[in-house]
There are 2 protein chains.
Amino acid sequence: MEHRDGAVTERVAQRSGGKIVLLVADGLGGLPHPDTGLTELETAATPNLDAVAREGVTGLHVPIAPGITPGSGPAHMALFGYDPVRYEIGRGVLEALGIDFDLKQGDVAVRLNYATIDGNGIITDRRAGRIPTEKCVELSARLDGIELPGVQVFTRPVKEHRAVVVLRGDGLAGGLNDTDPQKTGAPRLPFEAQTPAQERTAGLLTAFLKRADELLRDEPKANAITMRGIAALEPIPTVGERFGIKAAAIAGYPMYRGVAGLVGMDVLPKAEAPDAVAGLLREHYGDYDFFFIHYKKTDSTGEDGDFDRKVAATEEFDTFVPGVLAVDPDVLLVTGDHSTPSALASHSWHPVPVLLRAASVRRDAAVSFGEGACVTGGLGTVRAVDLMPLMLAHAGRLAKFGA
Amino acid sequence: MEHRDGAVTERVAQRSGGKIVLLVADGLGGLPHPDTGLTELETAATPNLDAVAREGVTGLHVPIAPGITPGSGPAHMALFGYDPVRYEIGRGVLEALGIDFDLKQGDVAVRLNYATIDGNGIITDRRAGRIPTEKCVELSARLDGIELPGVQVFTRPVKEHRAVVVLRGDGLAGGLNDTDPQKTGAPRLPFEAQTPAQERTAGLLTAFLKRADELLRDEPKANAITMRGIAALEPIPTVGERFGIKAAAIAGYPMYRGVAGLVGMDVLPKAEAPDAVAGLLREHYGDYDFFFIHYKKTDSTGEDGDFDRKVAATEEFDTFVPGVLAVDPDVLLVTGDHSTPSALASHSWHPVPVLLRAASVRRDAAVSFGEGACVTGGLGTVRAVDLMPLMLAHAGRLAKFGA
């Protein structure tokens, strides 16, 4: 509802107030099981979340906009209070964050696909027969030796036919077109630069591509590369600058750690088990105003299309709650970044359950935490990007707008 | 969810249709009493409002944006259909309206604080020991004699250490920085003008400040002034121009009368008791399309943190309803400008109950008027700025958009 992406929030944000914990179960939202009519969350035994629902207020959030299915990057940006369309993180950057590469501002990151070309340079397989990851590691180590004038170059394997190239130096730019023609039977596309910085970047990447082709020439399958998602790591105002909070992230997976770092959160040591997370939270509770805690398995089991395993993951997620409540945060918000219904075996656009606990909530009738109860929850349905202002408000960290 | 602040509404607004009454209980929204789980509104006996709820439709509005606590100025601008961020009323202007000063377009209004400075011009007390209001009146009368070249100058007391200065003349501008350094032990800040009009305004205000210091030199406490919230009264399109309605305001408090006047409402004589309000409404009912009626005590009792007195004020507010229904308006909308939960003893960001009565409403299940019932009300949760289009629509005052 706020027009200029948190501009009012930034104006009224104070540097003092209560402490906030944002507890995220990735892909939390689901769809009903055909036999029971209950979603994964509604099927799971979640006594701790249900207890919070009874003393808190519930609702739903729309990650990006109605009908729009988000990737994990934009979905988390929204949870952190950043309009994910305005603050779009390039695909190359997300790929680099996903392998824990320590990107610096101004770096240009590129998704690299190993591919097969014929003697005329025509692509015959865009994924080089999905070479095994070990092969990807070997080839990427080979390409990591490529040197280019005036910049540092890093090549890192991701998985199967996917790798990442990062250029580090002055005067680089993202936003170049992909060289992948998105079909076989066509040659790779040349870069079309629009600015001097893109011109320089295109020249460097073209030189890289040429040298890579030479180094891969004798490979049976992966004898070429294509480049996609060429993106610079643009400066992003931090949550400290925007919202006046000192924030820390507790997450096991690189991409979530990376995105949290992008918005200026301190990324604490990896923790994935409930006790480890609770311990980290307790240890650092005095040092920060805001904690982002990420739990992954509700998403990966949903992506696998496995209803029962998503139920089990949701039950495991529930066991994180006592450890979080042990520090008695002034504000606790529990939600997902998006829905991952096991019925779809993929991310989806469905609104995501939200549970908010704070002294200043207007309690609702919810006695358990589930999609159905959240529809009539007291928070109503809000945009994900509005959750940060709500958390800050309940923590007493926002001043009045106007007199 | 209309993004461009009523632009579509303005395009389809007709100059004819039914009559509308907007009945506002300031700070209406509340939070549950810990013993009962019921808010002030839910606790109060409100037979008249409950009867309207049974034949009307309920919902909630978000005054500015989720999490944002509004001042009364922006909250009322939103109720009148004005995006309060786009149409931001400066603090000096609101202060002048709050003492019923008859501001003209182009006037620059300034909040003036009496302060104490030492021999080196260093501020030792930003509020001059909170001098009594009688002293403020005496000093402000003295400063009201200050003359400046080419403009009229008015100095008016507000309360304790606070006063208002208004400059009237051509080529003035607001938006100058405060001279109040917001701390003791520092001198007052000079103005930093960015435009020729600001340059001229800064020169005049600096001359005023110098002359005020001379006139206050021998005061034991209030021997200096600081200036804050320097704001011009900018032209605002009226509700007549935007929405095709002839509107009148019935309110007791100066600030609400002032803001209503800013958007082009005729401000009727002061009335605060139910009979007086009903009488004014009846008397002027033929002359206007739209009436804004303001009730204050639900806010002031909430600000006092007094749950029981807010309940009593809510019950008094309920007695206004029969007098309003006596004229049988085509549309009656009852709401608050924001929430003022007595649990917080301040304005808050919580959504505000809305009750709408009109022949064309889609009735909902609500049998009483309260926050809990409004969550599942038929109107859903809308932005405050969307209420004006809804009232106009139910009054048959909006044509179809497109063919």
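In this predicted model, B:Glu160 is placed in the loop that runs between strand E5 (152-159) and strand E6 (162-168) of chain B. The backbone at this position stands out in its phi angle, since B:Glu160 is a residue other than glycine and yet has a positive phi, near 45°. With a relative accessible area of 28%, B:Glu160 is partly exposed, a class that lies between the buried limit of under 20% and the exposed limit of over 50%.

A positive phi is also found in chain A, where A:Arg130, although not a glycine, has a value of about 45°. A:Arg130 belongs to the loop between strand E4 (123-125) and helix H6 (133-143) of chain A. The relative accessible area of A:Arg130 is 47%, and this residue is therefore partly exposed, given that exposed means over 50%.

The arrangement of the two chains may be considered next. In general, two copies of a chain are related by a rotation about an axis together with a shift along that axis. Here, a turn of 125° and a shift of 0.0 Å along the axis lay chain B on chain A with an RMSD of 0.3 Å, which is the relation of a three-fold axis. Within chain B, the C-alpha nearest the axis belongs to B:Thr376, at 3.4 Å from it. The surfaces that the copies use are different, in that 11% of the contact residues of chain B recur in chain A.

Definitions and conventions: Residues numbered from 1 in each chain as written. Chains lettered and ligands numbered in written order. Predicted model: local features only at pLDDT ≥ 70, side-chain atom pairs only at ≥ 80, totals over all residues. Heavy atoms only, no water. Least-squares fit on C-alpha atoms with pLDDT ≥ 70 in both. Contact = heavy atoms within 4.5 Å. Helix = DSSP H or I, 4+ residues; strand = E, 2+ residues; numbered from the N terminus. Buried < 20%, exposed > 50% of the residue type's maximum accessible area, 1.4 Å probe, protein only.
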